[in-house]
Amino acid sequence: MKNIILVGFMGTGKTAVGRVLAKRLGLRFVDMDDIIEEREGMKISEIFDKKGEGYFRHAESKVARDIALQSGLVVAAGGGAVIDEENVRNLKSNGIMFCLVATPETIFGRTKGHSHRPLLNVSDPKEKIAELMAKRAEYYARADYRVDTGNLSVDGVAERIMELIK
Ligand code: S3P
């Protein structure tokens, strides 16, 4: 079975949905950020701090290449993984890509209580979300399917994806 790849902006629910989906389909769940943290022995925010975003993106691309060699995974990609064309090519080479979508307001509401996302640890996260979302829209559009998460629960999003892959 092909991998199921969940992409989308930070706070769209990739990890929560991925876990539910994997359980319901009897597949293994992996989170790209978790793999990077494990390999580097550091939290994502620490990697950004100590080694810089470029280093993180490099590690992320390596994970994308490794995932392309495996099957039957449900993968939560990092929010910025799709910016690199080669990552998209690798992840899609053996996977169906779903982009989870939410409005900037919803994203802000879901992410504001958390400090583990270095890109949103800025003085005006609302503005940053709007700016990054606009910049990234064309990259997220590369997914095979788009799933609006706005009015759906985590289970609801998982069900929608299950309908799409039937
Ligand atoms: C990032 C999203 C994060 C993480 C890193 C960079 C991004 O993942 O990979 O902080 O560039 O959008 P989540 O989307 O899982 O928060």
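Q: What makes the second largest pocket a pocket rather than a cavity, and what is its volume?
A: In this predicted model, the second largest pocket has a volume of about 190 Å³. A cavity is a space the probe cannot get out of, while a pocket is an open set of points, so this one counts as open.

Q: How do you know which residues line the second largest pocket?
A: A lining residue needs an atom within 4 Å of a point of the pocket. For the second largest pocket, 14 residues pass, and C99, V101, A137, Y140 and R146 are the closest to its centre. At least two lining residues come from each of β4 (95-101), α7 (125-140) and β5 (145-148).

Q: What makes up the lining of the second largest pocket by class?
A: There are eleven nonpolar residues, two polar and one charged. Tyr and Cys count as nonpolar here, so Y140 and C99 go in that class.

Q: How do you know where the ligand sits?
A: It's placed in the largest pocket. To say "sits in", more than half of the ligand's atoms must lie within 2 Å of the pocket's grid points, so the ligand meets that mark. The largest pocket has a volume of about 600 Å³. It has 32 lining residues, with M10, D33, G78, H116 and R117 the closest to its centre. Elements giving two or more residues to that lining are α1 (14-25), α2 (32-40), α3 (44-51) and α4 (53-68).

Q: What classes of residue line the largest pocket?
A: Its lining splits into ten nonpolar, ten polar and twelve charged residues. Gly counts as polar, so G78 belongs with the polar ones.

Q: Why are K14 and D33 said to surround the ligand?
A: The cut-off is a heavy atom within 4 Å, so each of them must have one that close. In total 13 residues surround the ligand, and the closest are K14, D33, R57, R117 and R136. By class, this shell has five nonpolar, three polar and five charged residues.

Q: Why is the pairing of R57 with the ligand called a polar contact?
A: A polar side-chain atom of R57 is 2.7 Å from a ligand oxygen atom. The limit for N or O pairs is 3.5 Å, so this pair qualifies. R117 also has a polar side-chain atom 2.7 Å from an oxygen atom of the ligand, and so does R136.

Q: How much of the ligand does the protein bury?
A: On its own the ligand exposes 390 Å², and the protein buries 94% of that.

Definitions and conventions:
Residues are numbered from 1 along each chain as its sequence is written. This is a predicted model: local features need pLDDT of at least 70, side-chain atom pairs count only at pLDDT 80 or more; totals for chains, interfaces and linings use all residues. Side-chain values use heavy atoms; hydrogens and water are left out. On a 1 Å grid over the protein atoms alone, a cavity is a set of points where a 1.4 Å probe fits but cannot get out, and a pocket is an open set with protein on both sides within 12 Å along at least five of seven lines; lining residues have an atom within 4 Å of a point. Grid points are joined across faces, edges and corners, and a volume is the space filled by probe spheres set on the points. Helices (H or I, at least four residues) and strands (E, at least two) are DSSP runs, numbered from the N terminus. A polar contact is a pair of N or O atoms within 3.5 Å; within protein, one must be able to donate a hydrogen and the other to accept it, and residues adjacent in sequence count only if both atoms are side-chain atoms. Accessible areas come from the Shrake-Rupley method with a 1.4 Å probe; for residues, only the protein chains shown count as cover.
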